Structure formats: structure tokens, C-alpha cells
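Subject: Structure handover

Hello,

Here is the structure I promised to pass on. Please open it next to this email and follow along.

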Amino acid sequence: MYFLAFRNIQRRRSQVAITVLITAITIFVFTALLGLTQVVRDGISLSRERLGADVILVPTTSSITNQNLLFTAQPENVYMKKSIVDEVQKLHGVQSLTTQFFAQTLELDCCTPGEKARIIGVDYSTDFIIAPHFSEAKSQGESNGIVLGSSFTDQNIGENYLVLGERYIISNKLNPTGTGLDYTIFLDINECRRIAKDSLYLDSEWTEKDPYEYISSVMIKLADGVSPEDFLQNVREAGLDVKVVLTNKTIDALSNQLSTLLKILLFFWISLLAITFISLFGRFDALARERKKEIGLLRAIGLTKSKTFALIIIECCTMALIGGVIGSVTASLSIGGIIDSLREAFYLSSAAWTLQNEIIGCIAGIVVALLLGFFSALHSAMSSASLDPQVAMTEGEL
């Protein structure tokens, strides 16, 4: 049975190739869409869990969007007096806070050509943002070292690393977070202030100011029972001259944008699936009519109805399986590039794309291909199995 089905496929190579191609294209789109859905779902969840701060305060002069602040390494050299911290600590709802100092953004080859990496100074004595993500268990970073985000894949702990012409030891690296932390170089906050003061890029910024008296952001974790919206109102009532970024609200907005995009893509894939089903249905039905005499001969020499039905199903499902394997594997290999293409526009994180997701995508694609092949061939198989051998041999062609 299986040998006969294989021989029939071999004899019709051009028809098989077209069937395989139609199936492969549909399964490629399905697997890619499934992969993107997994990345969006896991990436948003990862960002929500690991961002650390409920509220971020930045200077009112900041022009960076909330999503860029959280999900990219876009440069933003803005500063405010560090005395703002004393005022923030007096507000109701603050459980803990830490400050950061933004230096500048470099063009590096850390993970992809021209990738941007932001330099940030961290107050390790109060930090709760990056410490939970250290790849090695340490209570804090080292004042004479640097901590790298997860996208610096070619760098290892203990190696030397040049930052603005100065050599540092990599004291730690971060696990993937799905946020801008992945593309950031972290230094001790005072060391970061020092290199910022000496930087030609920021020379005009510190002509008349002392960087040691300034910070760029305040990261705040709220006490239990205090909502970000309530805290925002507290900031406004206190008259603080800061821009307030509510992290959950920003993540929700991004999630809604991506969900809308995925729904549109799903609609187009369902349309493609319907077209593919109709195409395969027509091809398998036409193939069955062409083979009436062949099927009649097989029936005449003893092939039962059930075996005739199985023969047609095996042939069609084998062609669909080949297309499914090609489409799903190709999509799994291409998903990284698709994510990179969309990341700048929609802040997608590739941190959530794992080998497990690839395997799930391939298996799902193959299963859908087999189901597509089975249901497309079902009518043809039933018609062929019910043919009268004598009528089939008279009407058909070998």
C-alpha cells in the first residue's frame, strides 16, 4: 500500500511539486504567524514581570516616547537635579526607589551590525532594577567593572571591554529581559558621571554644571495597594517638575498595538488557508477523475474500498506532509529575521524566541499540513473508493 502510494507520487512529479509548493507557502505563513504570536505573548509577559519599576520619573525636557524609554536603547541625554529624590521620597506610596544617570549611546556590533547600546550609571547601593537579572549570583555590580545586557553575546564575564576608549572588566551580564536593558552597558553611577564629564560628545552639557549633582531618572517601586494612577496624582499635587512614565500602562498600549496587528495577519492567513483548501480540493479531485481507469483496475484485482480510500489519503497526506515540513522549517529559521525587521517599529523582543518555540512551531505546522491534506482529499478518496470497477475502467484513462 505505502509502496504503491510512493510510486504514484514519483510518477507525477510536476503535479506533486505544485501541490507541495502551495502547501509549503500556507504552512510557512502559519508557522511564522504562530511564532510571532508566541514572541509577542512571551515578550510582553517577560517585560511586565522583569521591568522592576512601577513608575519612572524623567526630566520634563525629555522628548523620548515611553515605549522607546522602556524597550529600546534610544539615546536621551537629559538631566535633573538629584535633590528631586528627597521630594519624591516624601510622596505617599513609595516603597523603594533608585536613580540612574544616562551617558550616551554607542553604535556597536554587539549582536547585529550597527546595534545601539546605551550607557547607564546605576546606584548599586539602592538598585533593584538590574540586580535580579544577573547571570551570576552577586549582590551588586562592581564599581570598577561594567555589567552588560544579554544582547552582548560575544562578551563573557571577566573579559576586558572598551567603553569610550577606557578599559573595564565585565563583572556580570544580565539574563534576557525583553526590554532596553538587553542593549545597555551599566556602570557605577559616579563612574558614569566621570566619563560623561570627560566625553567630547557631552562636552557642552557639563561646561557650567557638575554631573555629580544630577541624575537622569528615578525608578520607583510602589507599596502594596498603591496604584500607578494614584501615584501620578500624588506627583501632580506635589507640583514636581518631572515627566511620569507608568510602565504597566505603556506595556498595555504596546500589547494592544501588537494584538491588533496579529489579528489582521490572522485574518489574511485564514483567507490564504481557505484559498489553499479550495486549490488542493480541486487538484485532488481532478487527479482522482484522471485515475478512474487505474483505480478500477486496482479494484478489479482485489483492492478493497477501504484500501482504495487509504491509498488516496496516504498519497495526498504525503504531499501535504512534505510541504508542511518545508514550510514550517523555513519559517522557524526565518522568524529571527522577521522579528528583527519588526522590532524597531513595534519593540518586539527576540528574547522570548527559544528552541522550544521553534520545535512547537514546526510540529504545529506539520499537524496543520496533514489536516489540510486529509480534509482536502477526503471527498476524492470517498468518491474513488465508491467507484464500480467496471464503470471506472470504461470511463477512466490509464
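Below is what I found, starting with confidence, then one helix, then the aromatic residues.

**Confidence**

This is a predicted model. Mean pLDDT for the protein is 79. Of its residues, 77% reach 70 or more. One stretch to watch is residues 109-114, where pLDDT stays under 50. The model still has 11 contacts there beyond four places in sequence. Where pLDDT is low, the predicted coordinates should not be read in detail.

**Helix 6 and Asp230**

Helix 6 covers residues 228-238. Which of its residues are buried? They are Pro228, Phe231, Leu232, Asn234 and Val235. Looking down the axis of helix 6, these buried residues fall within an arc of 155°, so they line one face of the helix. Arg236 and Glu237 sit on the other side of helix 6, and they are exposed.

Asp230 belongs to this helix too. Its relative accessible area is 47%. Buried means under 20% and exposed means over 50%, so Asp230 counts as partly exposed. The side chain of Asp230 makes a polar contact of 3.0 Å with the side chain of Ser227. Asp230 can also be placed against a residue far back in the sequence: Gly93 is 137 residues away along the chain, yet the two C-alpha atoms are separated by 8.6 Å.

Gly239 comes just after helix 6. This glycine takes a positive phi of about 70°.

**Aromatic residues**

How many aromatic pairs are there? The count comes to nine. Take Phe267 and Phe268. Their ring centres are 5.7 Å apart and their planes stand at 70°, so this pair is edge-to-face. Phe267 and Phe268 are both exposed.

There is also an aromatic cluster. Its members are Tyr79, Phe101, Trp206 and Tyr214. Tyr214 has a charged neighbour as well: Lys209 lies over the face of its ring, at 4.9 Å from the ring centre. Another residue placed over a ring is Arg118. Arg118 lies over the face of Phe102, at 5.5 Å from the ring centre.

**Where to look**

For a quick tour, begin at helix 6 and find the buried face. Then go to the contact between Asp230 and Ser227. Finish at the cluster that includes Trp206, with Lys209 over Tyr214.

Best wishes

Definitions and conventions:
Residues are numbered from 1 along each chain as its sequence is written. This is a predicted model: local features need pLDDT of at least 70, side-chain atom pairs count only at pLDDT 80 or more; totals for chains, interfaces and linings use all residues. Side-chain values use heavy atoms; hydrogens and water are left out. pLDDT is the predictor's confidence in each residue, from 0 to 100. Contact means heavy atoms within 4.5 Å. Helices (H or I, at least four residues) and strands (E, at least two) are DSSP runs, numbered from the N terminus. Buried means under 20% relative accessible area, exposed over 50%, partly exposed in between (1.4 Å probe, protein chains only). A polar contact is a pair of N or O atoms within 3.5 Å; within protein, one must be able to donate a hydrogen and the other to accept it, and residues adjacent in sequence count only if both atoms are side-chain atoms. The arc is that of the directions from the helix axis to the C-beta atoms. Rings of Phe, Tyr and Trp (its six-membered ring) pair if their centres lie within 6.5 Å; planes under 30 degrees apart count as stacked, over 60 as edge-to-face and the rest as tilted. A charge sits over a ring if NZ of Lys or CZ of Arg is within 6 Å of the ring centre and within 35 degrees of the ring normal.
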